[in-house]
Amino acid sequence: SESLRIELFGPFEVSGPDNLDLTPRSAKACGLLAMLALGNGRLRGRRSIENHLWSSRGAEQAKGSCRQVLNEIRKALGEHAHLLNSDRRSVWLDEAVEISCDRSRGELLENIAIPDD
């Protein structure tokens, strides 16, 4: 397929055309993509993302970390980076991104462990 695919069951994976692995390296980047994939309308508010992934940090530090992780994801997606969108309030995945919920692959997000309260 020409689109990007996110696998939510079993090991979290992002793949492009020809099954090219585009999964970001960090757990936070994978966690952020998983939140979008599981979110209502594939959209999440930035504050919600920051509160979930960086709850122990101050607001400014969490904002900076969020920006950093969005950049990491865009770098990992390469020419498909346009499928991840954001503005000052929200972050969302384009509807062209295929979200796979193939439960035969294993548990939901089985390889994502994010150390946070």
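Glutamate 50 counts as buried, with a relative accessibility of 4%; buried here means under 20% relative accessible area, exposed over 50% and partly exposed in between (1.4 Å probe, protein chains only). Keep in mind that this is a predicted model, in which local features need pLDDT of at least 70, side-chain atom pairs count only at pLDDT 80 or more, and totals for chains, interfaces and linings use all residues. Residues are numbered from 1 along each chain as its sequence is written, and side-chain values use heavy atoms, with hydrogens and water left out.

So where does glutamate 50 sit? Its place is in helix α2, residues 46–53. Helices (H or I, at least four residues) and strands (E, at least two) are DSSP runs, numbered from the N terminus. Setting aside residues up to four places away in sequence, glutamate 50 touches Ser55, Ala62, Lys63 and Cys66, where contact means heavy atoms within 4.5 Å.

Glutamate 50 has buried company in α2: Arg46, Ile49 and Leu53 are buried as well. These buried residues cover an arc of only 95° around the axis, which puts them on the same side of α2; the arc is that of the directions from the helix axis to the C-beta atoms. What covers them includes α1, β3, α3, β4 and β5.

Now for the sheet. It is open, with three strands in the order β3-β5-β4 and antiparallel pairing; two strands pair if DSSP finds at least two bridges between them. β3 and β4 stand at the edges with a single partner strand each, so one side of each is left without a neighbour in the sheet. Neighbouring strands are turned by 15° against each other on average, direction ignored. Three bridges join β3 to β5, and arginine 44 stands opposite valine 91 in β5.

Two helices lie across these strands. Axes are lines fitted to C-alpha atoms, for helices over the stretch in contact, and angles run from 0 to 180 degrees between N-to-C directions.

| Helix | Residues | Lies across | Angle |
|---|---|---|---|
| α1 | residues 27–38 | β3, β4 and β5 | about 75° to β5 |
| α3 | residues 59–77 | β4 and β5 | about 150° to β4 |

How many of the 12 residues of α1 are buried? The count is 10, so α1 is largely enclosed by the rest of the structure. Among them are Cys30, Gly31, Leu32 and Leu33. α1 reaches 16 Å from its first C-alpha to its last, close to the 16 Å expected at 1.5 Å a residue; the expected span is 1.5 Å times one less than the number of residues.
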